[in-house]
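The following questions and answers deal with ligand sites and a few side-chain contacts. Please read them alongside the structure.

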Amino acid sequence: MKKAGLPPAAPGEETMAILEIENYSISYDGLKSAVDNVSFSVEKGEIISIVGESGSGKSTLLHGILGLLPRAAGSRGTLKVFGRELSAMSEKEQRTMRGEKMAIIFQDTGRYMNPISRIGRQFSQYLKVHRNLSPEQMHEMEVDLLQRVHLTDAERVLNSYPFELSGGMRQRVGIAMAMALQPELLLADEPTSALDVTIQAQIVRQLMELRSKYGTTIIVVTHNMGVASYMSDRIVVMKDGHVVETAPAEELISHPKDAYTKALLEAIIELDDERLA
Amino acid sequence: MDKKEPILELNHVSKTFTTEDGREVRAVKDASLAVYPGECIGIVGESGCGKSTIARLITRIIDPSGGEIILAGENIADKKGRKLKAVYRDIQMVYQDPYSVFSPRAGIGTFLTDGLVYHGIMTRSEALKEVGKLLEMVDLPAELADRLPHQLSGGQLQRVVIARAVSIRPKVILLDEATSALDVSVQKQVLNLLMRLKKEYNLTYVFIGHDLAVVRSIADRIAVMYAGLIVEEMDSDELEQAEHPYTKKLLQSVFSVNDRNRKVIPIENMSVSDENLQTLGCPFQPRCPEALPACKNACPMLRMTKSGHKAACLALE
Ligand SMILES: Nc1ncnc2c1ncn2[C@@H]1O[C@H](COP(=O)(O)OP(=O)(O)OP(=O)(O)O)[C@@H](O)[C@H]1O
Ligand SMILES: Nc1ncnc2c1ncn2[C@@H]1O[C@H](COP(=O)(O)OP(=O)(O)OP(=O)(O)O)[C@@H](O)[C@H]1O
Ligand code: SF4
Ligand SMILES: [Mg+2]
Ligand SMILES: [Mg+2]
């Protein structure tokens, strides 16, 4: 059983690629590529944001990294996690890795929940697979995790069916579950899109704390360019299945090179902008 | 803007859900709000504070537990059954996930004309002749009529949903996080489209969202909700002069691409005790940096402040 995450790399210590992607493509139907010839790598302890067009393949890529693509989908190219080629691992090895080393916050958490089972039950089932805890310990852990994502009325949430929670409450249940097992690699697909900005800020802070305390590597997909710029070391921009630009966050924001990146940055609406007429 | 008679008015509306195991969830406590014809009112607020519940009450998908919902002078709060059909025509709703409202096998043209046919405005064949115009209205090519939903992007589909909503000329269109799943570039296109349609057809919007800058850009007025209550209401231009402590906290929490590394996010400890949850006082009190001793015992009412906002806060009285 995995203990707490690894400590952050000391300065000067050799870095290690947690994720290496090379000429990697994914197709759902064998015809069109949803992810098209993508290459980039992520070092241990890095926070990377992926931004870009709706439908450009961001979620597909995350599902590919986790080995969660539908059966009919096919992938080509190299995808190595923790130094091992994902496609060479057995289903069982992949499943263990998903629980022990990697976790995902799904974009649409609700869709991955069982609609007729209470949140508490689903949470416990998830924990049971990976941790040997008594029901009381499990309950305590769940309450604690939910309160950390600011679901203050944790008992009520655990007793609710998914439809009885608001979109943002379901999203936070997803965040709590993904953080529960202290993964070394956390994939977060629009983790704060349904949250008010005060709670968004708290979640962003907590994600960044995972990195500073445990050296967690994080890949965040977001449409919120402010969040991407605030929390990430590097930003990857996707359009139409391709990566059109990758750069350190500050550089990408202040000196975008690609035309699409520029267009994206120009479309951001800020609080002090003129209102639309 | 015609400020005389609201087109939609909520008077002390509340909604309490009772769960299977008998617990009561007070999703909306006492909401009053007036929406005037031709305006866009934005609603922002805490996640879980009751925004979508308000939207579902106005569209009468669910029944209110108390209060009045006045649409064009008529209380629709108690309407039932067949009488609701007229309400469904007058109020249209656009959700965050456009894929969820389409049936996967029905073509775009059929989807677009469903509203017109259901409400007896046109026969199917008459309506199908209008499809090209409806698509054009939202800047989409007419060929899309024959496509299936999964062949369109999220942004394209959201335009189709908007076109259908506008097609039956409703009195009010509710947009519940309608642009939050879109990238900023497509989002801006959809917002501009909404603005153009609003002017062309004198539409009235209720726009729910979490992105303060986006809500401010499209809304004429903004209502801020917290824990089932409206806690502040002001003109959009006044947002940055917000007075309620929660609204101020919202404004401080926005990430702007321009202030990388400058913002320090203070830790908020949220493990609120049961005692706090049961409190009779201001619901924001456990998180409020400006709380007074009295805030524990008295729930403030929404009142006009000196600067002309409406706010519910004891410190502003
Ligand atoms: N299960 C699926 N089967 C077939 N096609 C799919 C499936 N999931 C996604 N697609 C298609 O793959 C492409 C990429 O979709 P994906 O969801 O990865 O985009 P995204 O970048 O995450 O978009 P968004 O920002 O809107 O979430 C799209 O054209 C989409 O329609
Ligand atoms: N059918 C239901 N049964 C019980 N409780 C419900 C039901 N629907 C909503 N609630 C509760 O009502 C409250 C308000 O939910 P609502 O969906 O209106 O929030 P919201 O403001 O739209 O939040 P978000 O920003 O996260 O979408 C929440 O506490 C939620 O759990
Ligand atoms: S009433 Fe008191 S606790 Fe509530 S917002 Fe005002 S100052 Fe804060
Ligand atoms: Mg996605
Ligand atoms: Mg909602």
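Ala, Val, Leu, Ile, Met, Phe, Trp, Tyr, Cys and Pro count here as nonpolar, Asp, Glu, Lys and Arg as charged, and the others, Gly among them, as polar. The model is predicted.

Q: By class, how many nonpolar, polar and charged residues does the shell around ligand 3 have?
A: Ligand 3 is surrounded by 13 residues, and among the closest are B:C282 and B:L314. Cys and Leu both belong to the nonpolar class. By class, the shell has 10 nonpolar, 2 polar and 1 charged residues.

Q: In which cavity does ligand 3 sit?
A: A molecule sits in a cavity if more than half of its atoms lie within 2 Å of the cavity's grid points. By that criterion, ligand 3 sits in the second largest cavity.

Q: Which residues coordinate the magnesium ion (ligand 4)?
A: Donors are N, O and S atoms within 2.8 Å of this metal. Two side-chain oxygens, OG and OE1, are listed, at 2.0 to 2.2 Å. They belong to A:S59 and A:Q107.

Q: How many residues apart are A:S59 and A:Q107?
A: A:S59 is in helix 1 (residues 58–66) of chain A. A:Q107 is in the loop between strand 6 (102–105) and helix 3 (119–130) of chain A. The pair links distant parts of the chain, 48 residues apart.

Q: Is A:Q107 buried, exposed or partly exposed?
A: Buried means under 20% relative accessible area and exposed means over 50%. A:Q107 has 36% relative accessibility, so A:Q107 counts as partly exposed.

Q: What is the distance from an oxygen atom of ligand 1 to an N or O atom in the side chain of A:T60?
A: A:K58, A:T60 and A:Q107 are among the residues around ligand 1. A polar side-chain atom of A:K58 lies 2.8 Å from an oxygen atom of the ligand, and for the side chain of A:Q107 the value is 2.9 Å. For A:T60 the value is 2.5 Å.

Q: Between which chains does ligand 2 lie?
A: A:R156 and B:G48 are among the nearest of its 23 surrounding residues. Oxygen atoms of ligand 2 are 2.7 Å from a side-chain N or O atom of A:S166 and 3.1 Å from one of B:S47. Ligand 2 lies between chains A and B.

Q: Is B:H210 buried or exposed?
A: B:H210 lies in the loop between strand 8 (205–208) and helix 7 (212–218) of chain B. A polar atom of its side chain is 3.0 Å from the backbone oxygen of A:A194. Its relative accessible area is 10%, and the limit is under 20%, so B:H210 is buried.

Terms used
Residues are numbered from 1 along each chain as its sequence is written. Chains are lettered from A and ligands numbered from 1 in the order in which they are written. This is a predicted model: local features need pLDDT of at least 70, side-chain atom pairs count only at pLDDT 80 or more; totals for chains, interfaces and linings use all residues. Side-chain values use heavy atoms; hydrogens and water are left out. A residue is near a molecule or strand if one of its heavy atoms lies within 4 Å of it. On a 1 Å grid over the protein atoms alone, a cavity is a set of points where a 1.4 Å probe fits but cannot get out, and a pocket is an open set with protein on both sides within 12 Å along at least five of seven lines; lining residues have an atom within 4 Å of a point. Donors are N, O and S atoms within 2.8 Å of the metal (3.2 Å for Na, K and Ca); water is not among the atoms, so sites may look incomplete. Helices (H or I, at least four residues) and strands (E, at least two) are DSSP runs, numbered from the N terminus. Buried means under 20% relative accessible area, exposed over 50%, partly exposed in between (1.4 Å probe, protein chains only). A polar contact is a pair of N or O atoms within 3.5 Å; within protein, one must be able to donate a hydrogen and the other to accept it, and residues adjacent in sequence count only if both atoms are side-chain atoms.
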